[in-house]
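Thanks for coming, everyone. I would like to walk you through one structure today, starting with how its helices pack and ending with a few loop residues.

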Amino acid sequence: MYVNVGIDIGSTTVKIVVVRDGEIIHKHYERHFSKVREKAVELVRAARGLIGEDTPIHCSITGSAGLGVAKAADIDFVQEVFATRKAVGVHVPAADVVIELGGEDAKIVFLTGQLEERMNGSCAGGTGAFIDQMAVLLDVTPSELDHLAQGAERIYTIASRCGVFAKSDIQPLLNEGARKEDVAASIFQAVVNQTIAGLAQGREVKGDVLFLGGPLFFFKGLQKRFQETLGLDDEHAHFPASRRMPSRPAQRSMQAPLLRPTPCPPCSMRSKRPPAHRSLRTICRRCSSPSSSMRSSNRGTARMTS
């Protein structure tokens, strides 16, 4: 009997899910702090111990940072947007639109009408890294930022295309005595605005909208801002079941890999270009080639776990 193992290696976290006979028997989610291969191997070894050494497995890797690991271990790689489309088509076939925010990327998939997939380019504005950076600016943890946002009374206009620009908006507000609760909610609203303006670009987001990704999993304040901005009721806004955010180390030095304070080219003040985006139906943004297959394989598992 085969066991299916899926590994998602993103820009800031590694996720692993083990499925036997259609039932999830193991799952884990953890930040990798730029130690991508070490953390992936650690999670695979832990899962292998639960599955059993003699049980054959089918394994595939996805995620923005997964291609290198997949090549090194000779395991099939599935481009992340294709993986999202496939999973949603199987498990949530009624979805009309998928919005997913990751650690350093964002994507939107329109499933009804004209099929269209869009993803941000090199800019990490409006993603988990942006939220991490804003939490540091307010001297709170991301969990505390979310808690503050739920007590907001007003929303300020804050740029989300770049952390540098956002800081230039936030610091004067704090100097003038703005409530941290209002600033926190405004940060989440900036993420919403970036997603809608930069990716939807005028195409209406309506129907049953499925929200995916770490920021939309953990931050209730961000969920609220999306739902109110898009005018979605509870019947049409579908969010992941929330849980506690994984703990972060206390040392500031270990938080540094999460931050991206340098403005990217699309965000440079010398450039007037809009945020980059492109269709990913045929091209992988990491390897500039189509995803090879949606196959599952157990090739290279021993090499990866040895």
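Before I give any packing angle, let me fix what is meant by one: the axes are lines fitted to C-alpha atoms, for helices over the stretch in contact, and the angles run from 0 to 180 degrees between N-to-C directions. With that in hand, please also keep in mind that what you see is a predicted model.

The first pair is helix α5, residues 142-149, and α7, which pack at an angle of about 105° with their axes 7 Å apart. Since angles of 65 to 115 degrees count as roughly perpendicular, α5 and α7 are therefore roughly perpendicular to each other. On the α5 side the contact involves Leu-145, Asp-146, Leu-148 and Ala-149, and these meet Lys-180, Glu-181, Ala-184, Ala-185, Ile-187 and Phe-188 of α7. Sorted by class, that contact has seven nonpolar and three charged residues, with no polar ones.

Staying with α7, we can turn to helix α4, residues 128-137, whose axis comes within 11 Å of that of α7 and crosses it at roughly 160°. An angle over 145 degrees counts as roughly antiparallel, so α4 and α7 fall under that description, being roughly antiparallel to each other. Their crossing is right-handed. Here Phe-130, Ile-131 and Met-134 of α4 meet Ile-187, Phe-188 and Val-191 of α7, and by class the contact consists of six nonpolar residues, with no polar and no charged ones.

The third partner is α9, residues 220-230, which packs with α7, residues 180-200, at an angle of about 50°, the two axes being 9 Å apart. That makes α7 oblique to α9, and the crossing of these two helices is again to be described by its hand, which is right-handed. From α7 the contact draws on Ala-185, Phe-188, Gln-189, Val-191, Val-192, Thr-195 and Ile-196, while α9 contributes Gly-221, Leu-222, Arg-225, Phe-226, Thr-229 and Leu-230. In terms of class, this contact of α7 with α9 has eight nonpolar, four polar and one charged residues.

Now let me step back to the chain as a whole. It holds ten helices and eleven strands, and 49% of its 306 residues count as buried. Among contacts in the chain with a separation of 6 or more, 69% are accounted for by residues 24 or more positions apart. The accessible surface of the chain comes to about 14,900 Å², and 52% of that belongs to carbon and sulfur atoms.

I will finish with the loops. Just after α9 we find Gly-231, in the loop between α9 and β10, and Gly-231 is exposed, with a relative accessible area of 63%. The C-alpha atom of Gly-231 is separated by 8.8 Å from that of Lys-206, although the two are 25 residues apart along the chain.

What sets the remaining two residues up for discussion is the sign of phi, because most residues other than glycine have a negative phi. Asp-21, in the loop between β2 and β3, has a phi near 55°, a positive value in a residue other than glycine, and at 63% relative accessibility Asp-21 counts as exposed. Asp-74, in the loop between α2 and β5, likewise has a positive phi, of about 60°, although it is not a glycine. At 32% relative accessibility, however, Asp-74 counts as partly exposed.

Terms used
Residues are numbered from 1 along each chain as its sequence is written. This is a predicted model: local features need pLDDT of at least 70, side-chain atom pairs count only at pLDDT 80 or more; totals for chains, interfaces and linings use all residues. Side-chain values use heavy atoms; hydrogens and water are left out. Helices (H or I, at least four residues) and strands (E, at least two) are DSSP runs, numbered from the N terminus. Angles under 35 degrees count as roughly parallel, over 145 as roughly antiparallel, 65 to 115 as roughly perpendicular and the rest as oblique. A crossing is left-handed if the near helix is turned anticlockwise from the far one by less than a right angle, and right-handed if clockwise. Contact means heavy atoms within 4.5 Å. Ala, Val, Leu, Ile, Met, Phe, Trp, Tyr, Cys and Pro count as nonpolar, Asp, Glu, Lys and Arg as charged, and the others, Gly among them, as polar. Buried means under 20% relative accessible area, exposed over 50%, partly exposed in between (1.4 Å probe, protein chains only). Accessible areas come from the Shrake-Rupley method with a 1.4 Å probe; for residues, only the protein chains shown count as cover.
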